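Trainee: I've just opened this model and would like to go through its contacts with you. Where shall we begin?

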Amino acid sequence: MPELPEIETISRALSQGDNNWPSILGKTITEVNILWERTLETPSAEEFNARIIGQVINEVGRRGKFLHIHLTSDSLIIHLRMSGDILIEPEDEEIATHHRLLLIFDDGWRMAFNDTRKFGRVWLVDDPVEVFKRLGPEPLASEFTSDVLYQRLVSHRRQLKLLLMDQCFLAGMGNIYTDEALHLAKLNPLTRSDTISEGQAEELWRAIRHVLLEGIHNNGASIDWVYRGGDFQNYFRVYQRTGEPCPVCDTPIIRIVVGQRGTHLCSTCQPDPDS
DNA sequence: ACGAGCGCCTGTCGGC
DNA sequence: TGCCGACAGGCGCTCG
């Protein structure tokens, strides 16, 4: 799924409420329904049940692409992977086909983790660092400066696209926002990270922050069945626009494969580093 | 250190 | 119509 802007959108919708549901802050978890056991990364189903019941939701946040729900004494951490979504619904509603985990609250509402492809994972831990320890910087944090990005880029010799999508390098970028940022920065996805200039790193830094903020502003992107709240898909410059004109120069967008992921670019704006 | 290949899953779409 | 491969917003693992 969902990349940083989509998780941020969901996080805000959970803590503030939205058109379809109230805020979940202050609700007490009274019952659990585990519909696909492998959704639980840790702990076991039995321990999950025993530990989470009775805990109150105090805060909802985000780290990279992880949703972080702060409970009375534990952290409930959710990764939506490719097809996950979170919905708040009345507790007596019929259970949808792809619901994998339900948390039932004390006031008639429940939280559903819906995940068609079953790649999503949930952790219940007392210390969130257990899950977050390997993550790179938050791209929207003030500490993540253009110079930090430059230093990190030149300390590796990797293709830009693969590095930007590596969550240890930077937390939150996925296939869509990486393609969009590289186009905005006029950089080819195959460019080796150690060949980049300070000026190019600054352009890339601006582009990353620009596309992420643009995504958040539009409540994320909605594709197919996945998170249906946002509009950003209407503003894609290159992603899934193969054959359509580049918004900058009208050259048809091409699709290549980088790291087994479909990659969209303009061959004029983002010339191949080897040619 | 780096990147390719594969597994994990379900669903849709286009070609034959 | 049915079948079959390609592809889909992610990531962890193994293997050169």
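Trainee: How many salt bridges does the structure hold?

Mentor: Keep in mind that this is a predicted model, where local features need pLDDT of at least 70, side-chain atom pairs count only at pLDDT 80 or more, and totals for chains, interfaces and linings use all residues. Side-chain values use heavy atoms, with hydrogens and water left out, residues are numbered from 1 along each chain as its sequence is written, and chains are lettered from A and ligands numbered from 1 in the order in which they are written. A salt bridge takes a side-chain nitrogen of Lys or Arg within 4 Å of a carboxyl oxygen of Asp or Glu. The total for the structure is 17.

Trainee: Take Glu-41 and Arg-121: how many residues apart in sequence are the parts they tie together?

Mentor: These two form a salt bridge, with their closest N and O atoms 3.7 Å apart. Helices (H or I, at least four residues) and strands (E, at least two) are DSSP runs, numbered from the N terminus. Glu-41 belongs to strand β2 (residues 40-42) and Arg-121 to strand β9 (residues 121-125), so the parts being tied together are separated in sequence by 80 residues.

Trainee: And is Arg-121 buried or exposed?

Mentor: The scale is relative accessible area with a 1.4 Å probe, protein chains only: under 20% is buried, over 50% exposed, and in between partly exposed. Its partner Glu-41 has 44% and is partly exposed. Arg-121 has 15% relative accessibility, so it counts as buried.

Trainee: Which strands does the salt bridge between Arg-110 and Glu-89 tie together?

Mentor: In this salt bridge the closest N and O atoms are 2.7 Å apart. The partners sit 21 residues apart in sequence, Arg-110 within residues 109-115 and Glu-89 within residues 84-90, so the strands tied together are β8 and β6.

Trainee: Which residues do salt bridges with shared partners join into one network?

Mentor: Let's start with a single pair: Asp-166 bridges to Arg-158, the closest N and O atoms being 2.9 Å apart. Both are partly exposed, Asp-166 at 22% and Arg-158 at 29%. Elsewhere, bridges sharing partners build one network out of Glu-8, Arg-12, Arg-62, Arg-63 and Glu-138.

Trainee: On to the DNA: which residues come nearest to DNA strand B?

Mentor: A residue is near the strand if one of its heavy atoms lies within 4 Å of it. The residues of that surface divide into 3 nonpolar, 6 polar and 5 charged, where Ala, Val, Leu, Ile, Met, Phe, Trp, Tyr, Cys and Pro are nonpolar, Asp, Glu, Lys and Arg are charged, and the others, Gly among them, are polar. Of the 14 around the strand, the nearest are Arg-38, His-98, Lys-118, Arg-157 and Gln-260.

Trainee: Which residue puts a polar side-chain atom 2.8 Å from a base oxygen of DNA strand B?

Mentor: Of the strand's atoms within 4 Å of the protein, 69% belong to sugar or phosphate and the rest to bases. On the phosphate side, an N or O atom in the side chain of Arg-38 is 2.4 Å from a phosphate oxygen, and a backbone N or O atom of Gln-159 is 3.0 Å from one. The residue with the base oxygen at 2.8 Å is Arg-117.

Trainee: How many disulfides are there?

Mentor: A disulfide needs two cysteine sulfur atoms within 2.5 Å. Cys-246 has its closest cysteine sulfur in Cys-269, 3.7 Å away, which is too far for a bond. The count for the structure is 0.

Trainee: Which residues do ring pairs link into a cluster?

Mentor: Rings of Phe, Tyr and Trp (its six-membered ring) pair when their centres lie within 6.5 Å; planes under 30 degrees apart are stacked, over 60 edge-to-face and the rest tilted, and the whole structure has 5 aromatic pairs. Tyr-177 and Phe-232 have centres 5.3 Å apart and planes at 5°, so they are stacked. Phe-232 and Phe-236, with centres 5.6 Å apart and planes at 80°, are therefore edge-to-face. The cluster consists of Tyr-177, Phe-232, Phe-236 and Tyr-239.

Trainee: Last one: which residues does a cis peptide bond join?

Mentor: Most residues other than glycine have a negative phi, and most peptide bonds are trans. Lys-118, in the loop between β8 and β9, has a positive phi near 60°. The cis bond has an omega of about -5° and joins Thr-42 and Pro-43.

Methods
A polar contact is a pair of N or O atoms within 3.5 Å; within protein, one must be able to donate a hydrogen and the other to accept it, and residues adjacent in sequence count only if both atoms are side-chain atoms.
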